[in-house]
2 protein chains.
Amino acid sequence: MEKLVERIKTHGNVLGEGVLKVDQFLTHQVDYELMKEIGAVFAERFQGSGITKVVTIEASGIAPALYTAEQLQVPMIFARKAKSLTMDEELLTASVYSFTKQVTSQVSISKKFLSSEDTVLIIDDFLANGQAAKGLIELCQQAGANVVGIGIVIEKSFQSGRQLLEEMGIPVVSLARIASLSEGQVSFLEGDA
Amino acid sequence: MEKLVERIKTHGNVLGEGVLKVDQFLTHQVDYELMKEIGAVFAERFQGSGITKVVTIEASGIAPALYTAEQLQVPMIFARKAKSLTMDEELLTASVYSFTKQVTSQVSISKKFLSSEDTVLIIDDFLANGQAAKGLIELCQQAGANVVGIGIVIEKSFQSGRQLLEEMGIPVVSLARIASLSEGQVSFLEGDA
């Protein structure tokens with residue numbers, strides 16, 4: 001997605017250790033216009049798949065997932081990273097290891113919002129090692145729901161996430177694919193959309 | 001906002017201790033259509049105030065804040081609850097005490113996204129004791145930004161949040177005002193919009 005790639009070139013910041021900061025438009029300050037276009041692209045790519053729910057994880061996935069859900073005219077669910085006081089009922093739960101933070105955390109979705117009747121599109125802001133996405137897939141599978149694909153805003157193609165997800169049989173659509181972040185420079189592969 | 005009140009009556013669940021769960025449309029599963037209408041109402045109420053940024057806090061404030069920002073055609077910023085690895089630069093930081101969780105946490109926004117040039121509308125999903133909103137106001141004030149108002153989706157009017165914010169001189173617009181949550185029943189005051 002050319003507009004996204006241009007935005008990363010203009011406003012992305014490469015920090016050490018392969019970290020790309022895009023807090024000017026995605027992970028902190030949010031550009032609704034760009035998010036809306038991203039939602040439209042995901043919806044178009046997965047159109048006709050019979051999607052009934054868009055699933056993401058708090059917090060940076062919410063904006064692109066919401067506009068995707070709007071385009072597809074289905075509800076969006078954001079998985080929670082920790083059990084909250086008001087989530088008393090039965091939960092679908094999966095463990096997610098963060099290589100960045102070097103901690104394992106739980107992600108969860110209330111059982112009542114996903115069932116074997118559901119066809120799910122997962123949306124997330126970043127794909128690196130694929131652990132968060134894998135956790136979301138596991139939540140859907142626990143519910144018996146069918147995951148038709150994963151839409152990723154920014155893929156770090158030099159990490160193993162895409163391979164992991166493809167080996168699980170889940171199609172991945174990434175709007176920007178980053179080949180490397182070395183020496184403070186972002187270089188791109190061709191995106192999927 | 002009648003549609004919101006009806007939705008709370010139909011899908012809100014009163015748990016013990018004055019807790020209202022609205023995870024069917026706002027805090028976990030999100031109804032984009034309702035959020036969009038909420039955004040339109042907030043934008044209309046604060047139209048002409050010269051708003052340059054909509055500010056909220058992760059995660060449940062993001063959906064209503066995003067649609068408000070879209071309507072006002074300005075960026076949305078979501079404050080982070082913990083310092084993240086990729087937020088290395090200088091931060092505006094405030095402490096927020098949660099009466100529900102009985103812990104004090106930090107909220108922060110990068111200095112680069114708020115300045116004395118900004119006129120801010122704060123949006124949040126709930127107003128109870130007003131501590132989260134107060135923290136967001138403090139972040140804006142640290143940046144020298146002007147806060148023109150606070151838009152709240154659901155106000156627990158039996159708690160002191162509104163009074164606290166009004167004493168700070170900040171107009172509060174709440175779309176649903178809850179008079180009480182006793183005996184598993186939700187009773188409402190007249191909303192502001």
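# Exercises on a predicted two-chain model

Leaving aside residues up to four places away in sequence, A:L20 is in contact with A:I8, A:G12, A:N13, A:V14, A:F126, A:I154, A:K156, A:I178, A:L181 and A:V186. The exercises below begin from this residue, and they refer throughout to a predicted model.

**Exercise 1. Determine where A:L20 and A:T27 lie in chain A, and decide for each whether the residue is buried or exposed.**

Step 1. Begin with the record: UniProt, in an unreviewed entry, places the feature "binding site" at A:L20, A:T27 and A:K156. A:K156 is also one of the contacts of A:L20.

Step 2. Locate the two residues in the secondary structure. A:L20 belongs to strand β2 of chain A, residues 19-21, whereas A:T27 is found in the loop between β2 and β3 of that chain.

Step 3. Apply the cut-off for burial, which is a relative accessible area under 20%. A:L20 has a value of 4% and is therefore buried, and A:T27, with 13%, counts as buried as well.

Step 4. Turn to the surroundings of A:T27, again without residues up to four places away in sequence. Its contacts in chain A are A:V22, A:S60, A:D125 and A:F126, and from chain B it touches B:F78 and B:R80. A:F126 also appears among the contacts of A:L20.

**Exercise 2. Describe the positions of A:A128 and A:Q131, and work out which accessibility class each of them falls into.**

Step 1. The unreviewed UniProt entry has a further "binding site" annotation, which covers A:A128, A:N129, A:G130, A:Q131 and A:A132.

Step 2. A:A128 sits in the loop between β8 (119-127) and α4 (131-142) of chain A, while A:Q131 lies in helix α4 itself.

Step 3. The partly exposed class runs between the limits of 20% and 50%. A:A128, at 21%, is therefore partly exposed, and A:Q131, also at 21%, is assigned to that class too.

Step 4. With residues up to four places away in sequence left out, A:A128 is in contact with A:K156, A:Q159, A:S160 and A:G161, and A:Q131 touches A:V96, A:Y97, A:F99 and A:L164.

**Exercise 3. Characterise the interface of chain B and chain A, and find which element of chain B gives the most residues to it.**

Step 1. Count the participants: 42 residues of chain B are in contact with 42 residues of chain A. The two chains bury about 3500 Å² between them, with 60% of this area on carbon and sulfur atoms.

Step 2. Consider the polar part. There are 16 residue pairs in polar contact across the interface, and four salt bridges are found there. In one salt bridge the side chains of B:K112 and A:D23 meet, at 3.3 Å from N to O.

Step 3. Assign the side of chain B that touches chain A to its elements. β1, β2, β3, α2, α3, β5 and β7 of chain B each supply at least two residues, and α3(B) gives the most, with six.

Step 4. Examine that helix further. Ten of the eleven residues of α3(B) are buried, among them B:I62, B:Y67 and B:L72. The helix is followed by B:Q73, which has a positive phi near 55°.

**Exercise 4. Establish the strand order of the seven-stranded sheet, and explain why its edge strands each have one side without a neighbour.**

Step 1. The order is β11(A)-β10(A)-β9(A)-β8(A)-β4(A)-β5(A)-β3(B), in an open sheet of mixed pairing.

Step 2. β11 of chain A and β3 of chain B stand at the edges with a single partner strand each, so one side of each is left without a neighbour in the sheet.

Step 3. At one edge, β10(A) and β11(A) pair in the antiparallel sense over three bridges, and A:R177 has A:L189 as its bridge partner in β11(A).

**Exercise 5. Describe how β6 and β7 of chain B are connected, and place B:V96 within this arrangement.**

Step 1. β6(B), residues 91-98, and β7(B), residues 103-110, pair in the antiparallel sense over eight bridges, with B:A94 opposite B:V107.

Step 2. The two strands form a hairpin with four residues between them, and B:Q102 in the turn has a positive phi of about 55°.

Step 3. B:V96 is found in β6 of chain B and is buried, with a relative accessible area of 9%. Its contacts beyond four places in sequence include B:V103, B:V107 and B:Q131.

Methods. Residues are numbered from 1 along each chain as its sequence is written. Chains are lettered from A and ligands numbered from 1 in the order in which they are written. This is a predicted model: local features need pLDDT of at least 70, side-chain atom pairs count only at pLDDT 80 or more; totals for chains, interfaces and linings use all residues. Side-chain values use heavy atoms; hydrogens and water are left out. UniProt positions are given in the numbering used here, feature names are shortened, and annotations may be inferred rather than shown by experiment. Buried means under 20% relative accessible area, exposed over 50%, partly exposed in between (1.4 Å probe, protein chains only). Contact means heavy atoms within 4.5 Å. Two strands pair if DSSP finds at least two bridges between them. Buried area is the accessible area (1.4 Å probe) that two parts lose on being put together, summed over both. A polar contact is a pair of N or O atoms within 3.5 Å; within protein, one must be able to donate a hydrogen and the other to accept it, and residues adjacent in sequence count only if both atoms are side-chain atoms.
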